[in-house]
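Morning, everyone. I have one model to walk you through, so please look at the screen.

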Amino acid sequence: MPKAPPPRRATVDGEEFILLSPEEYERLDASRRQVGAALARVRQVSHALGTARAALTAVDTALAAEPCTCADTGTCPVCRIRAARDTDP
């Protein structure tokens, strides 16, 4: 991929500005919108992950109070759920 050309600069009243063509500005604006949309999706996934973790914590708390009904053979629902939770990273 070719190296990007250096930006065009201008100084107005002692303040430096970067000059963009209308096409460059449109691309920059489109990129900004894409990043904003991606950030919104990341926030949604993060919230959903927090909700899922809270639900799994509630499941773990409920399972801790439930007795095993299969004499640790692993066939009752409580043992199967505990086994599945133990393999979760």
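How many salt bridges does the structure hold? The count is 4. Keep in mind that this is a predicted model.

Let me start with Arg 8 and Glu 24. Their side chains meet in a salt bridge, 2.9 Å from N to O. This pair links distant parts of the chain. Arg 8 sits in strand β1, residues 8-12, and Glu 24 sits in helix α1. The two are 16 residues apart. How covered are they? Arg 8 is partly exposed, with a relative accessible area of 43%. Glu 24 is partly exposed as well, at 25%. By way of background, side chains of opposite charge can pair when their charged atoms come close.

Next, the pair Glu 16 and Arg 9. Here too the side chains meet in a salt bridge, at 3.7 Å, N to O. Glu 16 has a relative accessible area of 48%, so it counts as partly exposed.

Now into the helix. α1 covers residues 22-65. Asp 29 is found there. Which residue does Asp 29 pair with at 2.7 Å? The partner is Arg 33, and 2.7 Å is the distance between the closest N and O atoms of that salt bridge. The two side chains are also joined by a polar contact of 2.7 Å. Why are they about one helical turn apart? Because they are 4 residues apart in helix α1. And there is a third member. Salt bridges that share partners join Asp 29, Arg 32 and Arg 33 into one network.

Is Asp 29 buried or exposed? Buried, because its relative accessible area is 17% and the cut-off for buried is under 20%. Arg 33 is partly exposed, at 45% relative accessibility. So the acid in this pair is buried, and Arg 33 is partly exposed.

On to the pocket. How much space lies in the largest pocket? About 190 Å³. Its lining takes in Ala 4, Pro 5, Pro 6 and Pro 7. Then come Arg 8, Ile 18, Leu 19 and Leu 20. Glu 24 and Arg 27 complete the lining. In terms of elements, β2, residues 15-19, and α1 each supply at least two of the lining residues. Notice two names we have met already. Arg 8 and Glu 24 line the pocket, and their side chains form the salt bridge at 2.9 Å.

Leu 19 deserves a word of its own. Leu 19 lies in strand β2. With a relative accessible area of 42%, Leu 19 is partly exposed. Now look from Leu 19 to Ala 48. They are 29 residues apart along the chain, and their C-alpha atoms are separated by 42 Å.

Next, the surface. Which residues make the nonpolar patch of about 390 Å²? Ile 18, Leu 20, Tyr 25 and Leu 28. Two of these names should sound familiar: Ile 18 and Leu 20 are among the residues lining the pocket. Tyr 25 is in helix α1. Tyr 25 is partly exposed, with a relative accessible area of 45%.

Last stop, the loop between β1 and β2. Asp 13 has its place there, and so does Gly 14. What is the phi of Asp 13? Positive, at about 55°, although Asp 13 is not a glycine. Asp 13 is exposed, with a relative accessible area of 82%. Gly 14 is exposed too, at 72% relative accessibility.

One more distance, from that loop. How far apart in space are Gly 14 and Cys 70? The answer is 81 Å, C-alpha to C-alpha, with their positions 56 residues apart in sequence.

To recap. Arg 8 and Glu 24 link distant parts of the chain. Asp 29, Arg 32 and Arg 33 form one network of salt bridges. Ile 18, Leu 20, Tyr 25 and Leu 28 make the nonpolar patch. Asp 13 carries the positive phi. Thanks, I'll stop there.

Conventions
Residues are numbered from 1 along each chain as its sequence is written. This is a predicted model: local features need pLDDT of at least 70, side-chain atom pairs count only at pLDDT 80 or more; totals for chains, interfaces and linings use all residues. Side-chain values use heavy atoms; hydrogens and water are left out. Patches are made of residues with over 30% relative accessible area and no salt bridge: like charges are joined within 9 Å, nonpolar side chains (Val, Leu, Ile, Met, Phe, Trp, Tyr) within 5 Å. Accessible areas come from the Shrake-Rupley method with a 1.4 Å probe; for residues, only the protein chains shown count as cover. Buried means under 20% relative accessible area, exposed over 50%, partly exposed in between (1.4 Å probe, protein chains only). A polar contact is a pair of N or O atoms within 3.5 Å; within protein, one must be able to donate a hydrogen and the other to accept it, and residues adjacent in sequence count only if both atoms are side-chain atoms. On a 1 Å grid over the protein atoms alone, a cavity is a set of points where a 1.4 Å probe fits but cannot get out, and a pocket is an open set with protein on both sides within 12 Å along at least five of seven lines; lining residues have an atom within 4 Å of a point. Grid points are joined across faces, edges and corners, and a volume is the space filled by probe spheres set on the points.
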